[in-house]
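Here are a few exercises to work through with the model open beside you. Try each task before reading its solution.

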Amino acid sequence: MPLASLARQTRSSMLEVIRQDYIRTARSKGLRESAVITGHALKNAIIPVITLLGLQVRNLVGGSVLVETVFNIPGMGRLLVQGVFNKDFIVVQASIMVVAIVVALANLAVDISYGHFDPRIRYED
């Protein structure tokens with residue numbers, strides 16, 4: 001399901017970007033079609049896809065609780081569930097803190113990658 005939504009978002013972003021004037025200008029300058037697609041269109045169409053990827057990291061980390069509990073796999077998700085059932089609040093707090101840090105780092109990576117892919121976004125000191 002997440003891969004399908006990524007593919008659908010990529011396709012719709014590419015269809016939107018491919019109609020822009022700067023794509024037509026790049027083609028009229030004589031650039032190869034592969035250079036136009038990868039250098040101009042894909043670089044601008046990837047921004048919404050990166051946002052969607054950042055949101056899916058949150059779902060991946062949250063889904064580990066369910067998967068590890070159902071399939072009896074040792075990991076952070078199962079530790080969190082056992083901490084809740086055993087009323088071990090230190091383990092619960094630590095597990096939630098690790099999950100929050102992972103999600104925050106994923107959001108930071110998404111924000112930094114915006115500056116790499118979109119030339120209009122600049123981070124200044």
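**Exercise 1.** Which helix supplies the largest share of the lining of the largest pocket?

*Solution.* Begin with the ground rules. This is a predicted model, in which local features need pLDDT of at least 70 and side-chain atom pairs count only at pLDDT 80 or more, while totals for chains, interfaces and linings use all residues. Residues are numbered from 1 along each chain as its sequence is written, and side-chain values use heavy atoms, leaving out hydrogens and water.

Next, the terms. Helices are DSSP runs (H or I, at least four residues), numbered from the N terminus. On a 1 Å grid over the protein atoms alone, a pocket is an open set of points where a 1.4 Å probe fits, with protein on both sides within 12 Å along at least five of seven lines; lining residues have an atom within 4 Å of a point.

Now the result: helix 1 gives five residues, the largest share. Both helix 1 (2–18) and helix 3 supply at least two. The lining includes Gln-9, Ser-12, Tyr-22, Asn-44 and Arg-120, and the pocket holds about 170 Å³ of space.

**Exercise 2.** Find where confidence is lowest and highest in the protein chain.

*Solution.* pLDDT is the predictor's confidence in each residue, from 0 to 100. The chain averages 91, and 98% of the residues score at least 70. Helix 3 (residues 33–70) is lowest, at a mean of 90, and helix 4 (residues 76–85) is highest, at 94.

**Exercise 3.** Describe how helix 3 packs against helix 4, then against helix 5.

*Solution.* Take helix 4 to start. Its axis lies 7 Å from that of helix 3, at an angle of about 80 degrees. The two are therefore roughly perpendicular (65 to 115 degrees; over 145 counts as roughly antiparallel). Contact means heavy atoms within 4.5 Å. Ser-64, Val-65, Glu-68 and Thr-69 of helix 3 make the contact with residues of helix 4, among them Met-76 and Leu-80.

Turn to helix 5 (residues 89–117): its axis and that of helix 3 come within 10 Å and cross at roughly 175 degrees. Helix 3 and helix 5 are therefore roughly antiparallel. Among the residues that meet are Ile-47, Ile-50 and Val-57 in helix 3 and Val-103, Ala-106 and Phe-117 in helix 5.

**Exercise 4.** Which loop holds Asn-72, and which holds Lys-87?

*Solution.* Asn-72 sits between helix 3 and helix 4, and its phi is near 55 degrees, a positive value in a residue other than glycine. Lys-87 lies in the loop between helix 4 and helix 5. Lys-87 is not a glycine either, yet has a positive phi of about 55 degrees. Most residues other than glycine have a negative phi.

Note on methods: Grid points are joined across faces, edges and corners, and a volume is the space filled by probe spheres set on the points. Axes are lines fitted to C-alpha atoms, for helices over the stretch in contact, and angles run from 0 to 180 degrees between N-to-C directions. Angles under 35 degrees count as roughly parallel, over 145 as roughly antiparallel, 65 to 115 as roughly perpendicular and the rest as oblique.
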